[in-house]
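Subject: Handover of a structure and findings

Dear colleague,

Please find below the structure that I am handing over to you. My notes on what was found in it follow directly after.

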Amino acid sequence: MTPVLLLAAGKESAEVTDWAARIGWLVGLALFIALVYWLMREGWKWRGTLQSDLPALSTAPDEPGEARLSMSGRYHGSTTAGQWLDRIVAHGLGTRSRVELTLTDAGLDVVRPGATDFFVPVAALREARLDKGIAGKVLTEGGLLVVTWEHGDRLIDSGFRSDRAAEHNEWVEALNNMINKTETEGAR
């Protein structure tokens, strides 16, 4: 036998796992993840505090009128108009959710299961367009319906994605026609 084999035969195997060190690393990692989550939550609450001057959201009137258009899809959030990364979180506007949109003569009714519903009166609507992104959500060009509306003294962009993306063009046309009609009547 060679000397190397003799030495190896006489020794015992080293312990494969140091369980105390492994558990320590796992506890440390869990604490780090909890700290990061807590900091993100505090940042979200702080942003809500900064936006506390935003008035309460409107609710749909008792008689909104006949539905012109309706759409099922996703609500992706609201931002300050023209600043697609400046998310608005006050009054639940930052919460992503499923959405049922209904356009009536009175305005845009946004029903969100599990989140705060709101209503945008026709007088507050400013523009509708197709875009590719809004705070944390980027899609293909024209994959997002963005509605600009005025709330208090602030212009807000809200992003919606229909379950059937082909509907977006019809919504943009209907909303912009409604806005132009309202502006024309208001100018008289």
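A nonpolar patch of about 820 Å² lies on the surface of this predicted model. Its members are Leu29, Phe32, Ile33, Leu35, Val36, Trp38, Leu39 and Met40. One of them, Ile33, belongs to helix α2, which covers residues 19-50. Ile33 has a relative accessible area of 52%. Because the limit for the exposed class is over 50%, Ile33 is counted as exposed.

The record adds an annotation for this part of the chain. In an unreviewed UniProt entry, residues 20-40 are annotated as "transmembrane region". In the model, the span of residues 20-40 is 100% helix and 0% strand. The C-alpha atoms at its two ends are 30 Å apart.

As to the chain as a whole, there are three helices and ten strands. Read from the N terminus, the order of elements is α-α-β-β-β-β-β-β-β-β-β-β-α. The chain has 188 residues, of which 34% count as buried. Its exposed area is about 11700 Å², and 58% of that area is supplied by carbon and sulfur atoms. Among contacts in the chain with a separation of 6 or more, 62% are between residues 24 or more positions apart.

Two local backbone features may be of interest to you.

The first concerns a hairpin. Strands β4 (residues 107-111) and β5 (residues 118-121) run antiparallel and are joined by four bridges. Leu108 has Val120 in β5 as its bridge partner. Six residues separate β4 from β5 in this hairpin. In the turn, Gly114 has a positive phi of about 85°.

The second concerns His91, which is found in the loop between β2 (87-88) and β3 (97-104). The phi of His91 is near 60°, a positive value in a residue other than glycine. With a relative accessibility of 34%, His91 is classed as partly exposed.

I turn next to the charged side chains. How many salt bridges does a search of the whole structure find? The search returns eight. The following are among them:

- Arg126 and Glu150 form a salt bridge with an N to O distance of 2.4 Å. Arg126 is in strand β6 (residues 125-131) and Glu150 is in strand β9 (residues 144-151), so this pair ties together parts that are 24 residues apart in sequence. Arg126, at a relative accessible area of 34%, is partly exposed, and Glu150, at 32%, is also partly exposed.
- Glu127 and Arg129 form a salt bridge at 3.8 Å, N to O. Glu127 is partly exposed, with a relative accessibility of 35%. Arg129 is partly exposed as well, with a relative accessible area of 22%.
- Glu167 and Arg164 form a salt bridge at 3.1 Å, N to O. Glu167 has a relative accessible area of 15% and is buried, whereas Arg164 has 48% and is partly exposed.

Why does Glu167 count as buried? The buried class requires a relative accessible area under 20%, and Glu167 is therefore included at 15%. Arg164 is at 48%, and the exposed class begins over 50%, so Arg164 is counted as partly exposed.

Glu127 and Arg129 also take part in a network of salt bridges, in which they are linked with Asp131 and Asp157.

The last item is Gly133. This residue is placed in strand β7 (residues 133-134). Is Gly133 buried or exposed? Gly133 is buried, because its relative accessible area is 9% and the buried class lies under 20%. If its neighbours within four places in sequence are left aside, Gly133 is in contact with Trp84, Val138 and Leu144. Gly133 and Val146 are 13 residues apart in sequence, and their C-alpha atoms are 8.9 Å apart in space.

In short, the items for your attention are the nonpolar patch that includes Ile33, the hairpin of β4 and β5, the positive phi of His91, the eight salt bridges and the buried Gly133.

With kind regards

Terms used:
Residues numbered from 1 in each chain as written. Predicted model: local features only at pLDDT ≥ 70, side-chain atom pairs only at ≥ 80, totals over all residues. Heavy atoms only, no water. Patch = residues over 30% accessible without salt bridge, like charges linked within 9 Å, V, L, I, M, F, W, Y side chains within 5 Å. Areas by Shrake-Rupley, 256 points an atom, 1.4 Å probe, with all protein chains shown as cover. Salt bridge = Lys/Arg side-chain N within 4 Å of Asp/Glu carboxyl O. Buried < 20%, exposed > 50% of the residue type's maximum accessible area, 1.4 Å probe, protein only. UniProt positions renumbered as here; feature names shortened; annotations may be inferred. Contact = heavy atoms within 4.5 Å. Pairing = 2+ DSSP bridges.
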